[in-house]
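User: Hi! Could you walk me through this structure? I'm new to this, so plain words please.
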Amino acid sequence: MAALSVTMACLTSVSVIKVPESQHASTTRLCSTAPILPSIQPRRTLYLSGLLVDLLNAQNHSRFAFAQASSSRKIPTMPTMASVGVGHEEVEPVTNIKFSKSTNAPGASKELVLAGLGVREKKIAFLKVKVYAVGLYVDPGAISSLEAWKSKGTSELEKDESFFKALIDIPVEKSLRIVLARDIEGAQFWGALGETLAPRLKAAGAGAAGEQALNSFGDVFKNRPLKDKTVIFLTWTQPSTLHISITPEGRSPSAPDASIDSVALLYSLYDVYLGKDPVSPSARASVVKGIFSVA
């Protein structure tokens with residue numbers, strides 16, 4: 001009878017029953033099978049609907065607040081490749097070595113402008129070792145002599161050997177600026193450069209005079225340690241003088257360390273970087289893209 005009374009109380013007075021804490025578990029079992037009175041359903045629905053509306057409103061409010069914060073906040077961005085070279089310098093991307101857009105090369109009579117730059121790498125076993133970065137500087141007056149090629153596309157110019165020959169032949173001041181990317185002995189540097197120069201001089205029929213000029217060139221580097229970031233200028237002044245300058249990092253070169261008069265040596269030297277089989281393909285490709293913007 002006591003259980004029946006409790007059951008009836010659950011059916012008729014659900015909203016007012018106060019269950020003592022000690023009877024909570026048993027009372028819950030008795031009421032669990034009782035039907036839900038129709039009078040209770042609207043209150044529950046209203047409560048759940050209100051809760052869902054509140055949750056949705058809170059979520060929308062959070063999204064709106066986040067959107068406002070995102071739109072008003074200044075988020076720093078990483079520099080893009082387009083920003084490289086903005087200002088007074090260009091950066092060779094493989095070595096990260098900087099090149100000024102103009103320079104006063106030792107021995108030159110005027111300021112020269114950067115036409116292109118690249119990297120010289122040496123393959124050792126399966127690795128490519130970065131040896132130095134190189135940039136070509138020219139007298140802006142050189143551009144007037146290249147008008148015949150100005151309308152051609154980059155890919156077409158890269159395959160046009162007559163364009164590079166014309167660039168080497170232009171009777172204006174030019175300079176190759178080399179910046180070492182590692183410590184190296186002068187004999188090693190000269191050994192690699194001499195290997196590429198010798199066959200070109202022979203092909204040009206330079207003879208004994210060419211060989212003598214080559215030896216004089218090599219003497220400038222022999223027994224001379226070259227530290228990382230050493231700057232080497234190889235400047236061509238007209239008609240046939242090669243000025244060589246070697247300067248440690250942080251110093252400004254004032255005068256050439258040596259000067260050699262040999263047109264055959266100069267043609268061969270610039271062919272090493274601009275000719276058919278360049279030691280720095282990236283520098284040659286860069287010159288094609290930049291030569292017409294130096295004026």
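Analyst: Happy to! Let's start with a term: two residues are in contact when heavy atoms of theirs lie within 4.5 Å. Also keep in mind that this is a predicted model.

User: Okay, so what share of contacts between residues at least 6 apart in sequence join residues at least 24 apart?
Analyst: That share is 64% in this chain.

User: And how many helices and strands are there?
Analyst: The chain has nine helices and eleven strands.

User: How much of the chain counts as buried?
Analyst: Of its 295 residues, 37% do. The accessible surface is about 17800 Å², and carbon and sulfur atoms account for 57% of that.

User: Let's zoom in. Which residues of helix α9 are buried?
Analyst: Helix α9 covers residues 281–290, and its buried residues are A283, R284, S286, V287, V288 and G290.

User: What do they pack against?
Analyst: The buried residues of α9 pack against two strands, β4 (112–124) and β5 (127–138). They also pack against the helices α4 (154–158), α5 (161–169) and α8 (263–274).

User: New topic: T237. Where is it found?
Analyst: T237 is in strand β9, which spans residues 231–237.

User: Is T237 buried or exposed?
Analyst: T237 has a relative accessible area of 9%. Buried means under 20%, so T237 counts as buried.

User: What does T237 touch, leaving aside neighbours within four places in sequence?
Analyst: T237 is in contact with G107, A108, E173 and H243. With H243 there is also a polar contact of 3.1 Å between the two side chains.

Key:
Residues are numbered from 1 along each chain as its sequence is written. This is a predicted model: local features need pLDDT of at least 70, side-chain atom pairs count only at pLDDT 80 or more; totals for chains, interfaces and linings use all residues. Side-chain values use heavy atoms; hydrogens and water are left out. Buried means under 20% relative accessible area, exposed over 50%, partly exposed in between (1.4 Å probe, protein chains only). Helices (H or I, at least four residues) and strands (E, at least two) are DSSP runs, numbered from the N terminus. Accessible areas come from the Shrake-Rupley method with a 1.4 Å probe; for residues, only the protein chains shown count as cover. A polar contact is a pair of N or O atoms within 3.5 Å; within protein, one must be able to donate a hydrogen and the other to accept it, and residues adjacent in sequence count only if both atoms are side-chain atoms.
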